[in-house]
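Pull up the model and keep the sequence beside it. We'll take a walk through it, one piece at a time.

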Amino acid sequence: RTVYLNGDYLPETEARVSVFDRGFLMADGVYEVTSVLDGKLIDFAGHCVRLARSLSELEMKNPHSDAEWLAIHRELVARNGIVDGMVYLQVTRGNPGDRDFAYPGPETEPTVVLFTQSKPGLAENPAAKTGWKVISIPDIRWGRRDIKTVQLLYPSMGKMAAKKAGVDDSWFVEEGVVTEGTSNNAYIVKGNKIITRQLSNDILHGITRAAVLRFAVEAQMEVEERPFTIAEAQGADEAFITSASAFVMPVVEVDGKAVGAGKPGAVVTRLREIYLDEMRKAAV
Ligand code: PLP
């Protein structure tokens, strides 16, 4: 596999990063994951906007223009012959030469890493036909979840808790209401209405979330942005999650209780279809 590191395209075995890189020592960095379908990037512009915001919130310089980011993504997709899969992008604050809590000055160049993962048939994921089961766990993450940092230890613990419980994911709960999934935004459906938590520093502002809510409104569905409880999810008609890699994924069980009929419902099935159709059309 060819990876990208600071301007070079290298075999993955030859890409080297310093042990003093602040990404490694302090999780001081941000990332994006962009899906590839039929060799094209899904919602690339959305990822560029969020990347710029994450960097700016951490007082890091954006090392590339959107056009340069696009060129790097395309080159890596081409070199690795990716048809369906994803591109992972990470910018860390780099290697200031020594460990220090204070940020280094502008003389320290960020470390830019991109790599690809091939996932043949990504959009035809059979899990979308059966849906995910989730459990709930307390949300004990930090207070700036709107920044897409590489600090992912608690989400990893959440995924492990789900695995041990024999389900697909965990939903985080704070002050009695759901914030989001380990790596996705969470929704419930009541009749024709889609309910999802409003944007704030408490959740990541999902690129897929923004697109799906736009498509829902265009399809004459109602959208209500407010928090919901686990009990409300269990009593809902349908539930689902969204993320750049899972797209729109039905959730059919929450903490051992079936949601609706316990299988993917009409609303989530339709939203997944619309999302994939529209995003394939707009892919670059
Ligand atoms: N929430 C969290 C915590 C995430 O990590 C992610 C994606 O990685 C999302 C939501 C979904 O965001 P997006 O749709 O931009 O992938």
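In which sense do β5 and strand β6 pair, and over how many bridges? The sense is antiparallel, and 8 bridges link β5 to β6. Bear in mind as you look that this is a predicted model. One handy spot to check the register is Tyr88, which sits opposite Phe115 in β6.

Now look at the other flank of the pairing story. Strand β3, residues 29-37, also runs antiparallel to β5, and 8 bridges join β3 to β5. You can pick out individual partners here: Glu32 is bridged to Leu89 in β5, and Ser35 stands opposite Met86 in β5. As background, strands of a sheet pair through backbone hydrogen bonds, and they can do so in parallel or antiparallel fashion.

Step back and the whole sheet comes into view. It is an open one, with 6 strands in the order β2-β1-β6-β5-β3-β4 and antiparallel pairing. The edges belong to β2 (8-11) and β4 (40-41); each has a single partner strand, so one side of each has no neighbour in the sheet. Helix α2, residues 44-57, packs on this sheet and touches β3, β4 and β5. The direction of α2 makes about 175° with that of β3.

Let's zoom in on β5 itself. This strand covers residues 85-92 and is mostly covered, with 6 of its 8 residues buried. Val87 is a good residue to click on, as it is found in β5. Is Val87 buried or exposed? Val87 counts as buried because it has 25 C-beta neighbours inside 10 Å, and the cut-off for buried is 20 or more. Setting aside neighbours within four places in sequence, the contacts of Val87 are Thr34, Val36, His73, Leu76, Val77, Leu114 and Thr116. For a sense of scale, Ile137 is 50 residues from Val87 along the chain, and their C-alpha atoms are 29 Å apart.

Next, the ligand. The residues around it are Glu180, Ser183, Asn184, Asn185, Leu204, Gly206, Ile207, Thr208, Arg209, Thr242, Ser243 and Ala244. Two elements, α6 (207-218) and β13 (238-243), give two or more residues to this shell. The top contributor is α6, with 3 residues. Sorted by class, the shell holds 7 polar, 3 nonpolar and 2 charged residues.

Follow α6 away from the ligand and you meet another helix. The axes of α6 and α8 (residues 266-282) come within 10 Å and cross at roughly 110°. That makes the two helices, α6 and α8, roughly perpendicular. From α6, the contact uses Ala211, Val212, Phe215 and Ala216, and these meet Leu271, Ile274, Tyr275, Glu278 and Met279 of α8. By class, this contact between α6 and α8 has 8 nonpolar residues, no polar ones and 1 charged.

Finally, two loop residues with backbone angles worth a look. Gln220, found in the loop between α6 and β12 (222-225), has a positive phi of about 65° although it is not a glycine. Gln220 counts as exposed because it has 7 C-beta neighbours inside 10 Å. Glu175 lies in the loop between β8 (169-174) and β9 (177-181). The phi of Glu175 is near 50°, a positive value in a residue other than glycine. With 8 C-beta neighbours inside 10 Å, Glu175 counts as exposed.

Conventions: Residues are numbered from 1 along each chain as its sequence is written. This is a predicted model: local features need pLDDT of at least 70, side-chain atom pairs count only at pLDDT 80 or more; totals for chains, interfaces and linings use all residues. A residue is near a molecule or strand if its C-beta atom, placed from the backbone, lies within 6 Å of it. Helices (H or I, at least four residues) and strands (E, at least two) are DSSP runs, numbered from the N terminus. Ala, Val, Leu, Ile, Met, Phe, Trp, Tyr, Cys and Pro count as nonpolar, Asp, Glu, Lys and Arg as charged, and the others, Gly among them, as polar. A residue is buried if 20 or more other C-beta atoms lie within 10 Å of its own, exposed if 12 or fewer, and partly exposed in between; C-beta atoms are placed from the backbone. Two strands pair if DSSP finds at least two bridges between them. Axes are lines fitted to C-alpha atoms, for helices over the stretch in contact, and angles run from 0 to 180 degrees between N-to-C directions. Angles under 35 degrees count as roughly parallel, over 145 as roughly antiparallel, 65 to 115 as roughly perpendicular and the rest as oblique. Two residues are in contact if their C-beta atoms, placed from the backbone, lie within 7 Å.
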